[in-house]
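Visitor: Pick one part of this model and take me through it slowly, please. I'd like the cut-offs spelled out as you go.

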Amino acid sequence: MLILLTFAKNHIDSFTTWDVEAVLKKINGSQNIWLRCIHFRDRTGIAKIIKHFELNPSRVNMIFNFSPVGIDQDIEDCLFNSYEILTHEMKNQEFEVARGSIVVGSNFLITFEIAEVKIFNLLIAKLHKPNIDITHLRIDYLFYLIFKEILINYHTLFDYISRQLDDLEDEVLENSGDELTYQKIATMRQSTRFVRRNFQSIKSLLTMMHDEDFQWLSKSIKELFHEELTHQVDNLWQEYQGLRAWMSELMEIQRDNIASKTSERINRLTILSSIFLPITFIAGLYGMNFKYMPELEQPWAYPSVLIVMGFIVIGSILYAKRQRWL
């Protein structure tokens, strides 16, 4: 699906289609536009889009092969950024990762979204609000707003993870959890590993903005990135590391809980085996087929042996309970 957003004087025009030719005809070179390519994997169509904006043809391969996360500095036809964004949407008990590419030019921004990015939908909804002035909205400022929305997403995500860990911590510390609890924590920790690469990418972008000259971003926008987002990224990075450490601690405690429960079960089985070991010996002794066994001829032998066995079992159980083994 192709969604063309044209930023007019006082409003945003939206056009949705699957036809590349139709959307390219709608583009006016004098206006700022945001083209969203969602679930759009037509190589020929993407090649037409790349050609229309006079970008290097190699960008097609980078989009389809999903180049490494971060800014591409080898070709200077645009600002090309590949992203991985962890969202709080769940799939198979794991957080979903939104992947794709962002292309920034002089008056256009294109997002190639492998799956629809809900964060971009939220940003567009905010831009449609009447209290937002879009008269002087530049593409580089829109690029800034996208990253700002990504960081807001991580605030929401980390808050959600904290609440989940609070509930899991209660289970772990009360020792009421089982292997499923451990698996939940392990799955959560594994599915958040993508955050590291995303934050490294954002930090690299901020560093390059400070050290290098990006012709696609104005000086005011680079200052805005530095002043508004650098501190947020650092705080979120610290929070992320804290959450990872929290998950590791809970996994370690729960692993000990599981080992303790397993050890307790083995101890009980050992004690029960020890209780029945003497009566097994007695049963085995009198089960031998020897002719001259005096007790076999006594009428009281059978009940006496049973009574002795009973006393052994009861005495062993009482002793084990007194020693708190059971």
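Guide: Let's begin with a greasy-looking spot: Phe 281, Leu 285, Tyr 286, Met 288, Phe 290 and Leu 296 make up a nonpolar surface patch, together offering about 580 Å² of accessible area. Such a patch takes residues with over 30% relative accessible area and no salt bridge, joining nonpolar side chains (Val, Leu, Ile, Met, Phe, Trp, Tyr) within 5 Å; areas are Shrake-Rupley values with a 1.4 Å probe, and only the protein chains shown count as cover for residues. Bear in mind that this is a predicted model, where local features need pLDDT of at least 70 and side-chain atom pairs pLDDT 80 or more, while totals for chains, interfaces and linings use all residues. Numbering runs from 1 along each chain as its sequence is written, and side-chain values use heavy atoms, leaving out hydrogens and water.

Take Tyr 286 from that patch: it sits in helix H8, which covers residues 219-286. Helices here are DSSP runs (H or I, at least four residues), strands likewise (E, at least two), numbered from the N terminus. Tyr 286 is partly exposed because its relative accessible area is 30%, given that buried means under 20%, exposed over 50%, and partly exposed in between (1.4 Å probe, protein chains only).

What does the record add around here? UniProt, in an unreviewed entry, puts "transmembrane region" at residues 269-288 and 300-320; such annotations may be inferred rather than shown by experiment. In the model, residues 269-288 are 90% helix and 0% strand, with end C-alpha atoms 28 Å apart. For residues 300-320 the figures are 95% helix and 0% strand, with 30 Å between the end C-alpha atoms.

Back along helix H8 you meet Asn 235, partly exposed at 39% relative accessibility. His 155 is 80 residues away from Asn 235 in sequence, yet their C-alpha atoms are 9.9 Å apart.

For a contrast with the nonpolar patch, look at the charged side chains. Glu 84, Arg 99 and Arg 197 are linked in a salt-bridge network, a salt bridge being a Lys or Arg side-chain nitrogen within 4 Å of an Asp or Glu carboxyl oxygen. Glu 84 meets Arg 99 at 3.2 Å, N to O, which joins strand E5 (residues 79-91) to strand E6 (residues 94-104). Arg 197 reaches Glu 84 at 3.1 Å, from helix H7 (residues 194-211), 113 residues apart in the chain. Glu 84 counts as buried because its relative accessible area is 3%, whereas Arg 197 is partly exposed at 41%.

Technical notes. Patch = residues over 30% accessible without salt bridge, like charges linked within 9 Å, V, L, I, M, F, W, Y side chains within 5 Å.
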